[in-house]
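Here is my note on the structure you sent, set out as numbered points. It takes the fold of the chain before turning to its surface and its main pocket.

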Amino acid sequence: MNGDGVLGNHRKVHQPLGEDASYASGDRFHAFDTPVGRIGMMICYDKAFPESARALALDGAEIGVCVSAWPGSRTNAATELADDPWKRRFDLFDRARALENQIVWISANQAGTFGSLRFVGSAKVVDPGGEILADTGVEAGLAIAELDVTQALETARRSMGHLRDRRPETYTHAGAVST
């Protein structure tokens, strides 16, 4: 495989705030092989659901990639975008998804403003232990880190294997939710 052509695709599954009026949602999460490893993709709000990243990890994703247009809070906005509660959520989701699935996590997000929206930027690379290796902060830019994906996964999974040690038979209510 040399990377020519489309290697995989993802349609956003989770649609907040009436996005379903504009486009149809996807219906699954799946990983695909690339020259740099097996990748699983998400779009924006998908990363707020632990099951999304877990489905990708169980499908063999070594690298999770999430592209977003994640804004800062509109109801509790911080003066400094770096202190915004929605930026903290964005960063927390990135670190948690990497750590709980022991995968490399790549996150990209819109920066700057669009109308009244302020986007939190925060492109980053997170290792399988949840440590941020590179981060743009709230500025536009590229987060670049070098790591051996295979070695990083082996190191993270050597003693604690979150995927290996799962006990799905005990998760009787994993799909049931009452609102």
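1. Helices, in what follows, are DSSP runs of H or I with at least four residues, while strands are runs of E with at least two, both numbered from the N terminus. By that definition the protein chain in this predicted model has 3 helices and 8 strands, and their order along the sequence reads β-β-α-β-α-β-β-β-β-β-α.

2. As to overall dimensions, the radius of gyration of the protein chain is 17 Å, close to the 16 Å that the globule rule gives for 179 residues, so the chain is as compact as a globular protein of that length. The C-alpha trace spans about 45 × 40 × 35 Å along its principal axes.

3. On packing, 38% of the 179 residues of the protein chain count as buried. Among contacts with a separation of 6 or more, 54% are accounted for by residues 24 or more positions apart.

4. The protein chain exposes about 10400 Å² of surface, and carbon and sulfur atoms supply 54% of that area.

5. The largest pocket holds about 440 Å³ of space. Its lining comprises 16 residues, and those nearest the centre of the pocket are Pro-16, Leu-17, Ala-69, Pro-71 and Trp-86.

6. Which helix gives the most to the lining of the largest pocket? Helix α2, which covers residues 85-101, does so with 3 residues. In chemical character, the lining of this pocket divides into 10 nonpolar, 2 polar and 4 charged residues.

Key: Residues are numbered from 1 along each chain as its sequence is written. This is a predicted model: local features need pLDDT of at least 70, side-chain atom pairs count only at pLDDT 80 or more; totals for chains, interfaces and linings use all residues. Side-chain values use heavy atoms; hydrogens and water are left out. On a 1 Å grid over the protein atoms alone, a cavity is a set of points where a 1.4 Å probe fits but cannot get out, and a pocket is an open set with protein on both sides within 12 Å along at least five of seven lines; lining residues have an atom within 4 Å of a point. Grid points are joined across faces, edges and corners, and a volume is the space filled by probe spheres set on the points. Ala, Val, Leu, Ile, Met, Phe, Trp, Tyr, Cys and Pro count as nonpolar, Asp, Glu, Lys and Arg as charged, and the others, Gly among them, as polar. The radius of gyration is taken over C-alpha atoms; the globule rule is 2.2 Å times the number of residues to the power 0.38. Buried means under 20% relative accessible area, exposed over 50%, partly exposed in between (1.4 Å probe, protein chains only). Contact means heavy atoms within 4.5 Å. Accessible areas come from the Shrake-Rupley method with a 1.4 Å probe; for residues, only the protein chains shown count as cover.
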